[in-house]
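User: I'm happy at the bench but rusty at reading models. Could you walk me through this one, feature by feature?

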Amino acid sequence: QLNLFKILKWNCVSELISSVDLWIDMKDIRNRIVHDYLPEETKRIFDDIMTIYSSELNWLLQKLIDIKF
């Protein structure tokens with residue numbers, strides 16, 4: 001049975017993502033902002049999303065665009 005870590009690890013080895021840890025962080029942040037009220041962390045989370053996480057998502061998008069079927 002595949003779990004999230006195994007899937008991310010495969011994608012990292014396949015160079016679709018740059019870091020398993022970063023994707024785990026993104027998942028954790030997503031879960032926190034959906035389930036918790038975090039007014040004191042909102043600015044930092046927003047900045048992370050707009051910089052670190054958006055860069056990683058753009059990386060994945062470009063890799064997927066480059067895949068030739």
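Analyst: Let's start with a pair: Asp 48 and Arg 44 sit four residues apart in helix H3, about one turn of the helix. Helices here are DSSP runs (H or I, at least four residues; strands are E, at least two), numbered from the N terminus. The side chains of Asp 48 and Arg 44 meet in a salt bridge, at 3.1 Å from N to O. A salt bridge is counted when a side-chain nitrogen of Lys or Arg is within 4 Å of a carboxyl oxygen of Asp or Glu. One caution on the source: this is a predicted model, so local features need pLDDT of at least 70 and side-chain atom pairs count only at pLDDT 80 or more, while totals for chains, interfaces and linings use all residues. Residues are numbered from 1 along each chain as its sequence is written, and side-chain values use heavy atoms, with hydrogens and water left out.

User: Is Asp 48 buried or exposed?

Analyst: The general idea is relative accessible area: buried is under 20%, exposed is over 50%, partly exposed is in between (1.4 Å probe, protein chains only). Asp 48 has 17%, so it counts as buried. Its partner Arg 44 is partly exposed at 39%.

User: Which residue forms a salt bridge with Arg 44 at 2.9 Å?

Analyst: That's Glu 41, with 2.9 Å between the closest N and O atoms. Step back and you'll find a network of salt bridges linking Arg 32, Glu 41, Arg 44 and Asp 48. The whole structure holds five salt bridges.

User: Why are Asp 47 and Lys 43 separated by about one helical turn?

Analyst: Because they are four residues apart in helix H3. Their side chains meet in a salt bridge too, at 2.7 Å from N to O. As for accessibility, Asp 47 is partly exposed at 30%, and Lys 43 is exposed at 58%.

User: How much should I trust helix H3? What is its mean pLDDT?

Analyst: pLDDT is the predictor's confidence in each residue, from 0 to 100. Among the elements of the protein chain, H3 (residues 42-66) has the highest mean, 91, and helix H1 (residues 4-13) the lowest, 82. Over the protein chain the mean is 87, with 96% of residues reaching 70 or more.

User: And where does H3 bend?

Analyst: A bend is the angle between axes fitted to the seven residues ending at a position and the seven starting there. H3 bends by about 40° at Tyr 53. For length, the expected span is 1.5 Å times one less than the number of residues. With 25 residues, H3 reaches 34 Å from first C-alpha to last, close to the expected 36 Å. H2, with 16 residues, reaches 23 Å, close to the 22 Å expected.

User: Which residues of H3 are buried?

Analyst: Ile 45, Asp 48, Tyr 53, Glu 56 and Leu 60. Helix H2 (20-35) is among what covers them. Turn it round: the buried residues of H2 are Val 20, Leu 22, Trp 23, Met 26 and Ile 29, and their cover includes H1 and H3.

User: How many residues make up the largest nonpolar core?

Analyst: Such a core is a set of buried Ala, Val, Leu, Ile, Met, Phe, Trp, Tyr and Cys residues joined through side-chain atoms within 4.5 Å. The largest here has twelve residues, among them Leu 8, Leu 16, Trp 23, Ile 45, Tyr 53 and Leu 60. H2 and H3 are the elements giving two or more residues to this core, and H2 has the largest share, with five. Look at Leu 60: leaving out residues up to four places away in sequence, it touches Leu 16 and Trp 23. Contact means heavy atoms within 4.5 Å.

User: What about the backbone? What is the phi of Glu 15?

Analyst: Most residues other than glycine have a negative phi. Glu 15 isn't a glycine, yet its phi is positive, about 65°. You'll find Glu 15 in the loop between H1 and H2.

User: Which residues does Ser 19 contact, neighbours within four places aside?

Analyst: Cys 12 and Glu 56. Ser 19 is also in the loop between H1 and H2, and at 24% relative accessibility it counts as partly exposed.
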